[in-house]
Amino acid sequence: MTAPRDICALSPDERKRIFLASLAQRGVVTAAAVEASPGVADPRNARMFFYRMRKEDAVFRHDWEESLKVFVGRLEAEIVRRGLDGWTEDRVVRDARGDVVRVDSVRRYDASLLKLLATRWMPEYGEKVEVKVEGGCEFPELKRISPEDAERLAQVLESIAAKRPGASEV
């Protein structure tokens, strides 16, 4: 069965069903709206229809949120797969003339994605740095920087302080 090429061929309920399925699959509102709006030339018009439906229809609003939860679950599963199971890439080895000597496979893993997920679910896993400024002024956003960035910031602040008038020479 081929998808209809004209929006008139779909009822609003059919469009909602297609939109929600696409949203659960891709997680992108515009892409889902375009898929559920065949023949609509401007993606903004397609998107506006679904935002209006979300505002007016509590059931659709709930289904929209559920579709996004499904997408997030799929995304987390893919992060875990790439971090734990990895994927295979072909590696081509060539001689000095550029001729292929052999082709073998290597297993790749993405630990950075896994670390990102771990810090979301296990906040204690992430690195914590506390920076206090004299005079009782605290900047909560500075508590989230890496130790390397905290060290660099401390160096910059020391450099600034050393250049102030009246600062003693070291």
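The paragraphs below look at salt bridges in this structure, which is a predicted model. Side chains of opposite charge can pair when their charged atoms come close. A search of the whole structure finds eleven salt bridges, and three of these pairs are described here in turn, including two within helix H4.

In helix H4, which covers residues 58–85, Glu66 forms a salt bridge with Lys69, and the closest N and O atoms of this pair lie 3.3 Å apart. The two residues are three positions apart in the helix, so about one helical turn separates Glu66 from Lys69. As for their surroundings, Glu66 is partly exposed, with a relative accessible area of 33%, whereas Lys69 is exposed, with a relative accessible area of 55%.

Further along helix H4, the side chains of Glu78 and Arg82 meet in a salt bridge with an N to O distance of 2.8 Å. Here the partners are four residues apart in the helix, which again means a separation of about one helical turn. Glu78 counts as partly exposed at 29% relative accessibility, and Arg82 is likewise partly exposed, at 34%.

Another salt bridge links the side chains of Asp95 and Arg97, with 3.8 Å from N to O. Asp95 is partly exposed, its relative accessible area being 29%, while Arg97 counts as exposed at 69% relative accessibility. Returning to helix H4 and the pair of Glu78 and Arg82, salt bridges with shared partners join these two residues and Arg81 into one network.

Conventions: Residues numbered from 1 in each chain as written. Predicted model: local features only at pLDDT ≥ 70, side-chain atom pairs only at ≥ 80, totals over all residues. Heavy atoms only, no water. Salt bridge = Lys/Arg side-chain N within 4 Å of Asp/Glu carboxyl O. Buried < 20%, exposed > 50% of the residue type's maximum accessible area, 1.4 Å probe, protein only.
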